[in-house]
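Work through the exercises below with the coordinates open. Each task is followed by a solution in steps.

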Amino acid sequence: MKQRFLSIALALCLFVCGGACSSQEKTKYNTYSMDYFDTVITITGYEKSQGDFDKQSKEILDMFEDYHRLYSIYHRFDGLNNMCTVNQLTDGVHPTVKVDKAIIDMLLFAKKMHTVTNGKLNVAMGSVLSLWHDYRTVGKDNPQNASLPPMDKLQEAAKHTDISKMVIDEENSTVTLTDPLMKLDVGAIAKGYAVEQVALALEKKGVTGYVLNVGGNVRTVGSKPDGSDWSVGIENPDGSDYIAYLNVSDMSVVTSGSYQRYYYVDGKPYHHIIQPETLMPAQNGYLSVSVVCKDSGMGDALSTALFCLSKQDGLALINSIAGAEAMWVAEDGTKSYSSGWNKYVKK
Amino acid sequence: MINMKIDSTKKHNRNDIIFIVALLLIATFGALYLFVFRDGGNTVKVTVDGKTYGVYSLNENITEDIHTGNGNLNRLVIRDGKAYMETATCPDGICVSHKPIFRDGESIVCLPNKVVVTVTTTDTDSPDVVI
């Protein structure tokens, strides 16, 4: 009796130990970089060793460095034609600039998204957005002197936001801005587009089990090693809890929120997503809008566009795009969803 | 008197066996509980200077580089259900020499880098990525 009992107990112990020891062979690694896109890049991946992960994440960060240098509208780099070069003026006009194919492709995508979002996403808004950028920078550094850009200046700048004045010559790989007072600002699309290109490069290599998070643009590459989905928590702006908990693989999740970048003028917050019609921070009653779709560049553009649209128009837009779903969080915390959002919600 | 003494010894022997068997049962079920039922909810919470840095599942092998500012770094490793500090830039290295933690409430503190790693039990497992 005693022996039988002991052998059962032993067998149970062996069974439990065996199960526990053989369950994992890949380890989950994380690393960060704060060097690119003026934001935090987080790479999460499953690999057999730290060395494997370091090698892969270095490769990923090298790709991000290339895109960062090409798409930067604030930094110039010696011997490189980037978005700064496209925006520069020589003798009062924008010269025709020969650029890398990665810039041509991104600008073509931006043009497409301008059409898709009915003008809500417009990379030709640079002159308006740079006014806001300058006033926000001053206001953040020196809150006592914080002020809003004057409306007459904004309206003057808004006359130079016609995206058809951005002339792309694919064959010769050149860009020309034919309006000298126009500037490109790719802030609402370049980051997401770069994340998508890096993810596609990884997929092409057969990499799975990775998640890239570039300042709110989350892109999952494959599923986890055990075949399960990644869980993505969308945090409450005050950091207290998760407003949504999603399960996705091979998908992007992007959130645009008024809490991400803002400054105070006379005690009132002014965020960074500018409504093309009013030239002021978009006021559609949202705290944030999140989008789930395959393409991270698309997600980036859509989340910004939805933030500038009424709920009804936004719903019409999201329903017109196959495989895209959205969640709106109103200023009072009320959440509403597109019809297919629920299939990504963690059960 | 003598008879009674023998009687009580006999009783003792039987009680001893019951006691030992009961102990064995408790130990076995206790071990089973620790191995089987206790996982699923156990996480480690990392705070840097009092602010939550991240929450990680103890059920997964994880290596997390905790950047604490000014180039300081603590590398937290979770392996086989236990969490420990593998490397740290702190001068004293107390956190690195701390034994691996896994019991609810146990913690590793790195005072110089203001990192606190605490084992907590949560109902919901932590997400892989947070935005």
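A residue is buried if 20 or more other C-beta atoms lie within 10 Å of its own, exposed if 12 or fewer, and partly exposed in between, with C-beta atoms placed from the backbone. This is a predicted model, in which local features need pLDDT of at least 70 and side-chain atom pairs count only at pLDDT 80 or more, while totals for chains, interfaces and linings use all residues. Residues are numbered from 1 along each chain as its sequence is written, and chains are lettered from A and ligands numbered from 1 in the order in which they are written.

**Exercise 1.** Describe chain A as a whole.

Step 1. Of the 347 residues of chain A, 41% are buried.
Step 2. Along the principal axes, the C-alpha atoms of chain A fill a box of roughly 95 × 45 × 45 Å.
Step 3. Chain A has nine helices and 15 strands; these are DSSP runs numbered from the N terminus (helices H or I, at least four residues; strands E, at least two).

**Exercise 2.** Check the span and burial of helix H8 (residues 296–307) of chain A.

Step 1. The expected span is 1.5 Å times one less than the number of residues.
Step 2. For the 12 residues of H8(A) this gives 16 Å, and the end C-alpha atoms are 17 Å apart, which agrees.
Step 3. H8(A) is mostly covered, with 12 of its 12 residues buried; among them are A:Met298, A:Asp300 and A:Phe307.

**Exercise 3.** Where does the largest nonpolar core lie?

Step 1. A nonpolar core is a set of buried Ala, Val, Leu, Ile, Met, Phe, Trp, Tyr and Cys residues joined through C-beta atoms within 7 Å.
Step 2. The largest has 87 residues, and those touching the most other members include A:Met106, A:Val253 and A:Leu306.
Step 3. Helix H7 (residues 190–205) of chain A gives the most to this core, seven residues.
Step 4. Domain 1 (40–72 + 188–344) and domain 2 (85–177) of chain A both give residues to this core, so it lies between them. The domain bounds come from an automatic or database assignment.

**Exercise 4.** Set out the contact of chain B with chain A.

Step 1. Two residues are in contact if their C-beta atoms, placed from the backbone, lie within 7 Å.
Step 2. Chain B gives 17 residues and chain A gives 27 residues.
Step 3. On the side of chain B, the elements giving two or more residues are helix H1 (2–37), strand S3 (62–69) and strand S8 (129–130).
Step 4. Strand S1 (residues 27–33) of chain A runs parallel to S3(B), joined by three bridges; A:Tyr29 stands opposite B:Thr63. Strands pair if DSSP finds at least two bridges between them.
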